[in-house]
Amino acid sequence: MTKKVFLITWLALLCIPCNSQENKINSSPKLVVGIVVDQMRYDYITRFYGRFGEDGFKRMIREGYNCKNNHFNYVPTYTGPGHASVFTGTTPQNHGIISNHWYDKFSKEMVYCASDSSVKAVGSESDMERMSPHRMKTSTVTDQNRLHTQLKGKTIGIAIKDRGAILPAGHSANAAYWFRGKDEGKWITSTYYRNDLPGWVEKFNNSGQAKSYFKVWNTLYDIKTYTESGEDQNKFEGGYKGKETATFPYDLAKLKDENSGYDILKSSAFGNSLTADFAIAAIEGEELGADEVTDFLTVSFSSTDYVGHNFGVNSKEIQDTYLRLDKDLGRFFAALDTKVGKGEYTVFLTADHGAVHVPSYLQSVKIPSGYFDRDAFKTKVETFVKEKFKVDGLIENISNNQVFFNYKTLSKNNVVSEELQNAIAHFVLQEDQIDKVFTRSQLQNGEFSSGIVALVQKGYNQKRSGDVVIVLDPATISYSKTGSTHGSGLNYDTHAPLLFFGHGIKKGSTTRKTHIPDIAPTISALLGITFPNGATGDVLSFVLE
């Protein structure tokens, strides 16, 4: 070989890794699917793992990456803040979704996280469905993908719950669709996105698919084999109107009239199946992942939350719901394989919060827990303030474990805000079931890096939050004696699954602590796009190839 030939050969070989690296840096999946399972505790994976099939949760774990120690790093852990935090990569401190509903100090009313009186429902005549993401202050990873692709990459959001569809899809989405129950049983949207339903949605609504789930909900397998959950008949579950016991089977066709018609599907395992059906239809109807420009599909499975609230985290109903969800995930992934192609899409799966065991059940096994009377607490605080300061109306609102002051009344009566904050904090901390209290002055002027106070601070929005924040004792809730709820900064509410698999994802697992706001920056890094504008999370580089 001549020196000249050798040199040419050597240069050609040298270019191979460069080109390979360039392709890797610039390579994006055709479709990203962000899945949120509403009210999913991490231990549902480990508790039910032996009962899962090979194509759902197990496939994600087998082929992808499992972050076993993933947590919310703020409170409150509710649906609205959870979905917003997953996709904005930050916390309520920045994105502004401080709860599902909160007291608006400027309009002097309670507002809903997705409500928008400036728009109308599309697909329904109901005034209750006027929704948009306008209350969310920062952008989402879905927004950034739209901007990066010059709006060529589509974004579609889907969930039974409106907020579960709207907040993940972001401000610039092509559409978000949610399920209108009652006597309608249809997937709808709002004029924020478009003025009519596309043909594929109309076709799905007219197909009778929703109505087909008015059938008997029985356990997927022999109920005697459901040893990973408690007894079917117990005193810790709610159930449905029209049925004396909260026990299998449930004839949804017979029960629907006493349970708001199609709304009963939301609170059964079949609500997730209907969501999967619609998501599969959306892939084809919107031609998602059909070209080289990355699209985004967000899917939130809401029915797990409804079932958890009704029956509790230790119920046969919740176990059956997750075994059925596992099957729904399997057929959803199979549809992605067929319609988009194996290796051509990326999926992540997480939750918007966890849930506590039913406190009345915990009490029965001698674990500290309890029920908090919000109305009695409100009366006590208002009475104390009036007696101490000799002024009416200093307290404007008490909600979401926060006390809001009326600053006009304070000013008129020369009451100093810090004095009122400290007086209430001292008084409240003496009350049973109150574990901690924090004031506006503490949260605005301090910087906390650990403990519950750090979570409270990350969930505290200077403009929208109150003047005193209370933290209840562990496993203490304001709720009925049946069913589960959530909202705290305790591990049962903060520990959520985080699974990645597909294009650009390594295989493996970690017990390193990760946080919900890390998801959006990680997906942004995978896509090579700008992070959401308020993102505070870190890139989980060990997940990416």
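# Exercises on two sheets, two pockets and a ring pair

An open sheet of four strands shows antiparallel pairing and the order 14-15-17-16. The model is predicted.

**Exercise 1.** Find the edge strands of this four-stranded sheet and give the average twist from one strand to the next.

*Solution.*
- Start from the order, 14-15-17-16.
- Look for strands that pair on one side only: these are strand 14 (395-399) and strand 16 (434-439).
- From one strand to the next, the twist averages 15°.

**Exercise 2.** State how many bridges join strand 14 to strand 15, and name the bridge partner of N397.

*Solution.*
- Strand 15 covers residues 402-405 and runs antiparallel to strand 14.
- Four bridges join the two.
- N397 has F404 of strand 15 as its bridge partner.

**Exercise 3.** Determine which strands of this sheet helix 15 and helix 17 meet, and at what angles they run.

*Solution.*
- Take helix 15 (residues 374-389). Packed on the sheet, helix 15 touches strand 14, strand 16 and strand 17 (468-472).
- The direction of helix 15 makes about 155° with that of strand 14.
- Now take helix 17 (residues 417-429). Helix 17 lies across strand 14, strand 15, strand 16 and strand 17.
- Relative to strand 16, helix 17 runs at about 175°.

**Exercise 4.** Describe the largest pocket: its volume, its lining and the residues nearest its centre.

*Solution.*
- The volume is about 960 Å³.
- The lining has 48 residues; Y78, R374, N400, N401 and H486 lie nearest the centre.
- Among the elements that give two or more residues to this lining are helix 15, strand 14, strand 15 and strand 17. Helix 12 (303-311) and helix 19 (451-458) are also among them.
- Split by class, the lining holds 21 nonpolar, 19 polar and eight charged residues.

**Exercise 5.** Do likewise for the second largest pocket, and name the element that gives the most to its lining.

*Solution.*
- Its volume is about 460 Å³.
- Of the 22 lining residues, Y112, M128, E129, M131 and D162 lie nearest the centre.
- Helix 7 (162-169), strand 7 (175-180) and helix 10 (263-266) each give two or more residues.
- Strand 7 gives the most, with three.
- By class, the lining has seven nonpolar, four polar and 11 charged residues.

**Exercise 6.** Classify the ring pair F179 and Y262, and locate both residues.

*Solution.*
- The structure holds 32 aromatic pairs.
- For F179 and Y262, the ring centres are 6.4 Å apart and the planes stand at 75°.
- The pairing cut-off for centres is 6.5 Å, and planes over 60 degrees apart count as edge-to-face.
- The angle is 75°, so the pair is edge-to-face.
- F179 sits in strand 7, while Y262 sits in the loop between helix 9 (252-255) and helix 10. The pair therefore ties together parts 83 residues apart in sequence.

**Exercise 7.** Trace the sheet of 10 strands, its edges, and the packing of helix 6 and helix 13.

*Solution.*
- This open sheet has mixed pairing and the order 5-8-7-6-11-1-12-19-2-20.
- Its edge strands are strand 5 (121-122) and strand 20 (508-515).
- Two bridges join strand 5 to strand 8 (residues 186-190), and the two strands run antiparallel. In strand 8, S190 is the bridge partner of A121.
- Helix 6 (residues 141-148) packs on the sheet and touches strand 6 (155-159) and strand 11 (295-301). The direction of helix 6 makes about 165° with that of strand 11.
- Helix 13 (residues 316-339) lies across strand 1 (31-37), strand 11, strand 12 (345-351) and strand 19 (498-502). Helix 13 runs at about 175° to strand 1.

How values were computed. Residues numbered from 1 in each chain as written. Predicted model: local features only at pLDDT ≥ 70, side-chain atom pairs only at ≥ 80, totals over all residues. Heavy atoms only, no water. Pairing = 2+ DSSP bridges. Axes fitted to C-alpha atoms, helices over the stretch in contact; angles between N-to-C directions. Contact = heavy atoms within 4.5 Å. 1 Å grid on protein atoms, 1.4 Å probe; cavity = no way out; pocket = protein on both sides within 12 Å on 5 of 7 lines; lining within 4 Å. Points joined across faces, edges and corners; volume = space filled by probe spheres on them. Nonpolar A, V, L, I, M, F, W, Y, C, P; charged D, E, K, R; others polar. Phe/Tyr/Trp six-rings, centres within 6.5 Å; stacked < 30°, edge-to-face > 60°.
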